[in-house]
Amino acid sequence: MDPITQAAVVTGTAKLLDVALNLVLAGFERGPIVDKVRAMEAEGATLDQITDALQNMRQESEKVAQEKIDAA
Amino acid sequence: MKALIPSRLVKGFAAFLLLTSCALLAGCPGNQAFRGMTEPLHAPVVVENEDAAAKAYRLAHYTLDEANGALTAANTVIGDNAANHVWSKKKAQKYLDQSIEYGKDLDKARKTLRIGNIADATVQAEAAKKLIFALQAEIARQAGDQ
C-alpha cells in the first residue's frame, strides 16, 4: 500500500472510531435519562409529569452546556 | 500525522474495546451506553381498551420525551467537548445554538399538546425530532474536528 493510501486509511479509520466514541458518549448520557423515566413510570407518574421533568432536564442541560462553553 | 494518529486511534480503540467487552460482560457500566443507545425512554406497555385519542395523546408525549432526552444528551456532549477543548468555543456554541432552537420547537409542541391539540403537537414534535436526530448524527460526525 502506498503512503498516500495508508494515510487515507488511517485518517478514515480514526474518523470512524471518533464517531463511534461520540455515539458511545451520547449513549452514556442518555442511559441515566432512560433510568429516570423508567423510575418515574414505576412510581406511577403521569405522562404530563414525565414530559415536564424531561423538558426541565433539557432546559437545565442547555444552561450547563452554555456555562461550560463560556468557561472553556 | 504522528501526533494525530495516537490520540485518535487510542480514543477510538478504547471505544471499540468498551463496546466489545461490554457486549460480553453483563452488569458492566458500559451496558449503560448500550441501553442509552438502544432502549426507548418509556417501557413498552400494552394498554387494554385504549381508544385512538388516548393512544395518540400517549404517543405525542413519547415523541416529545424522546426528543427532549436526545437534546439533553446532545447538550451534555456539546458542553463536555467544549470543556475538554475537543472543539473550539465557536464550534460548540454553533451546535448549542442549534440545539436551543430545536428546544424552542419542542416547547411550542408542548404548549400545543397542553391545550389539547394532539395532532398538531405530534406533527410539531415529530418534525423537531427528525432535526434533533440529524443534529446528533452531525455532532457524532464532527468528533475530533476543531
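**Salt bridges and helix packing between chains A and B**

Both B:Glu66 and A:Arg30 are buried. The two residues are a good place to enter this predicted model, as they are partners in a salt bridge whose closest N and O atoms are 2.7 Å apart. B:Glu66 sits in helix α3 of chain B and A:Arg30 in helix α1 (residues 3–42) of chain A, so this pair joins two chains. Side chains of opposite charge can pair when their charged atoms come close. A search of the whole structure returns ten salt bridges over all chains, and a few of them are described here.

A second pair also crosses between chains, running from A:Asp48 in helix α2 (residues 47–71) of chain A to B:Arg110 in helix α4 (residues 89–114) of chain B. The side chains of A:Asp48 and B:Arg110 meet in a salt bridge of 3.0 Å, N to O. How buried or exposed are the two partners? A:Asp48 has a relative accessibility of 29% and therefore counts as partly exposed. B:Arg110, at 3% relative accessibility, counts as buried, the cut-off for that class being under 20%. The pair also belongs to a wider arrangement: A:Asp48, A:Asp52, B:Arg110 and B:Arg114 are linked in a network of salt bridges.

Helix α4 of chain B also holds a salt bridge of its own. Here B:Glu101 pairs with B:Lys104, with 3.3 Å between the closest N and O atoms. Both residues lie in that helix, three residues apart, which is about one turn of the helix. B:Glu101 is partly exposed, its relative accessible area being 39%. B:Lys104 is likewise partly exposed, with a relative accessible area of 44%.

It helps to step back to the fold of chain B as a whole. Its secondary structure comes to five helices and zero strands, and from the N terminus on the elements run α-α-α-α-α. Of the 146 residues of chain B, 39% count as buried.

Helix α3 of chain B, which carries B:Glu66, lends itself to a simple check of its length. The helix comprises 32 residues (residues 52–83), and at 1.5 Å a residue these should span 46 Å. The expected span is 1.5 Å times one less than the number of residues. The C-alpha atoms at the ends of α3(B) are 46 Å apart, so the model agrees with the expectation.

Both ends of α3(B) have local features to look at. At the N-terminal end, B:Asp51 acts as a cap, with a side-chain oxygen 3.2 Å from the backbone nitrogen of B:Ala53. In the loop between α2 (30–38) and α3 of chain B lies B:Asn49, which has a positive phi of about 55° although it is not a glycine. Most residues other than glycine have a negative phi. B:Asn49 is exposed, with a relative accessible area of 80%. Just after α3(B), B:His85 takes a positive phi of about 60°, and B:His85 is not a glycine either. B:His85 is found in the loop between α3 and α4 of chain B, and at 53% relative accessibility it counts as exposed.

How are the helices arranged around α3(B)? Two packed helices are described by the angle between their axes and the distance between the axes. Within chain B, the axes of α3(B) and α4(B) come within 10 Å and cross at roughly 160°. Angles over 145 degrees count as roughly antiparallel, and α3(B) and α4(B) are therefore roughly antiparallel to each other. Their crossing is left-handed. Across the two chains, α2(A) and α3(B) pack at an angle of about 15°, with their axes 8 Å apart. That makes α2(A) roughly parallel to α3(B). The crossing in which α2(A) passes α3(B) is left-handed.

Chain A offers one further point of reference. A:Val34 lies in helix α1 of chain A and is buried, with a relative accessible area of 0%. A:Val34 and A:Ile50 are 16 residues apart in sequence, and their C-alpha atoms are 11 Å apart in space.

How values were computed
Residues numbered from 1 in each chain as written. Chains lettered and ligands numbered in written order. Predicted model: local features only at pLDDT ≥ 70, side-chain atom pairs only at ≥ 80, totals over all residues. Heavy atoms only, no water. Helix = DSSP H or I, 4+ residues; strand = E, 2+ residues; numbered from the N terminus. Polar contact = N/O pair within 3.5 Å; in protein donor to acceptor, adjacent residues only side chain to side chain. Salt bridge = Lys/Arg side-chain N within 4 Å of Asp/Glu carboxyl O. Buried < 20%, exposed > 50% of the residue type's maximum accessible area, 1.4 Å probe, protein only. Axes fitted to C-alpha atoms, helices over the stretch in contact; angles between N-to-C directions. Parallel < 35°, antiparallel > 145°, perpendicular 65-115°, else oblique. Left-handed = near helix turned anticlockwise from the far one by under 90°.
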